[in-house]
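Visitor: Could you take me through one part of this protein up close? I'd like to hear about the place where the two domains meet, and then whatever else stands out.

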Amino acid sequence: MEDHEKGYFAEKDSADVVIGRNKDAKDQRLKEVMTVIIRKLHEAVKEIEPTQKEWLDAIMFLTRTGQMCTDWRQEFILLSDTLGVSMLVDAINHRKPDAASESTVLGPFYVEDAPELPLGTNICLDRKGQDMVISGVVRDTSGRPISNVKLDVWQTNDDGFYDVQQKGLQPDFNLRGVFRTDNTGNYWFRAVKPRFYPIPDDGPVGQLLTKLGRHPYRPAHLHFIISADGFETLTTHIFDPDDPYIDSDAVFGVKKSLLAKFVWMDDPKRAEQLDFGNPFWETKFDFVLAPTRDGGSH
Ligand code: BEZ
Ligand code: FE
């Protein structure tokens, strides 16, 4: 019998000693997950060969990350986001047919129960910022428009803040709304051009980014959760391709297919129809929903 089978520790077999101790685990999935994590963790420690001080620093970093968490702040999710793991888990869980629109991270600023509004509503309640009209069609993977699709939308104002970050300064539900496509699959609403903004960076994750020579910014985007019976729910964004941070999103949320075109429109007549100043911004973006695998809603 090898030493690791007896349960004695040895540097060479360290992972096997620990993994062997889990042999009676009742939850097979947990056992499988912990086997991989223990193996990879021991592998990393063997490659890094940390000093005791470095290992304690790592433990203290995780301790501060936990201590930063409240009902409103989830520092571990920010850690997962900035290490690209949130996007990887999202990709694994949302593999789609090629024709379907791609997903990206939800983020911490989604608020349930935003008001359901008629198409065309201006969701910028304080009218601050540069006016922007957003429109498009939602289709299935065969190109057929889908009616009555729910689009839950949220974005920052032109200073790069969500309403929930500026309670009292911005009206509640500013730049949020729920819309439904009409019987030709079209949606449209009015808002303002969003701005890039930093992810919350006053905690250990922000400090880590600084030490790694990284900035905390996300390029300007609009968030969408798009759902309809018989289709996979799509959580995604559309991005301003001309944003200074478009190639270096702090959370790796940008995908090429999600780049919209933000067009500066000089059209006084249309501006008047839209109750906008002239010029104004326009972006058009079509979405394609994948069918649910089981045929029901998801
Ligand atoms: C967001 O887009 O709202 C977001 C996503 C991940 C981390 C922070 C913010
Ligand atoms: Fe966002």
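Guide: A quick word on terms before we dive in: the domain bounds used here come from an automatic or database domain assignment. Keep in mind, too, that this is a predicted model. The assignment splits the protein into domain 1, residues 14-72, and domain 2, residues 81-289. Measure from C-alpha centre to C-alpha centre and the two domains sit 36 Å apart. Where they touch, four residues of domain 1 are in contact with six residues of domain 2. Together the domains bury about 370 Å², and 79% of that lies on carbon and sulfur atoms. On the domain 1 side, Phe61, Arg64 and Met68 supply 86% of the area buried against domain 2, more than any other three residues. Sorted by class, the domain 1 side that touches domain 2 has two nonpolar residues, one polar and one charged. As for salt bridges between domain 1 and domain 2, the count is zero. Polar contacts across this interface also come to zero residue pairs, taking pairs with both residues at pLDDT 80 or more.

Now for the metal. The iron ion (ligand 2) is coordinated by Tyr162 (OH), Tyr197 (OH), His221 (NE2) and His223 (NE2), at 1.9 to 2.2 Å. Along the chain, the donors follow the spacing Y-x34-Y-x23-H-x1-H. The iron ion (ligand 2) has six donor atoms, with angles of 53 to 164° among them, and its site is irregular. For reference, ideal angles for six octahedral donors are 90 or 180 degrees.

Technical notes: Residues are numbered from 1 along each chain as its sequence is written. Chains are lettered from A and ligands numbered from 1 in the order in which they are written. This is a predicted model: local features need pLDDT of at least 70, side-chain atom pairs count only at pLDDT 80 or more; totals for chains, interfaces and linings use all residues. Side-chain values use heavy atoms; hydrogens and water are left out. Contact means heavy atoms within 4.5 Å. Buried area is the accessible area (1.4 Å probe) that two parts lose on being put together, summed over both. A salt bridge is a side-chain nitrogen of Lys or Arg within 4 Å of a carboxyl oxygen of Asp or Glu. A polar contact is a pair of N or O atoms within 3.5 Å; within protein, one must be able to donate a hydrogen and the other to accept it, and residues adjacent in sequence count only if both atoms are side-chain atoms. Ala, Val, Leu, Ile, Met, Phe, Trp, Tyr, Cys and Pro count as nonpolar, Asp, Glu, Lys and Arg as charged, and the others, Gly among them, as polar. Donors are N, O and S atoms within 2.8 Å of the metal (3.2 Å for Na, K and Ca); water is not among the atoms, so sites may look incomplete. Four donors count as tetrahedral if all angles lie between 85 and 135 degrees; four count as square planar and six as octahedral if opposite donors are over 155 degrees apart and all others between 65 and 115; anything else is irregular.
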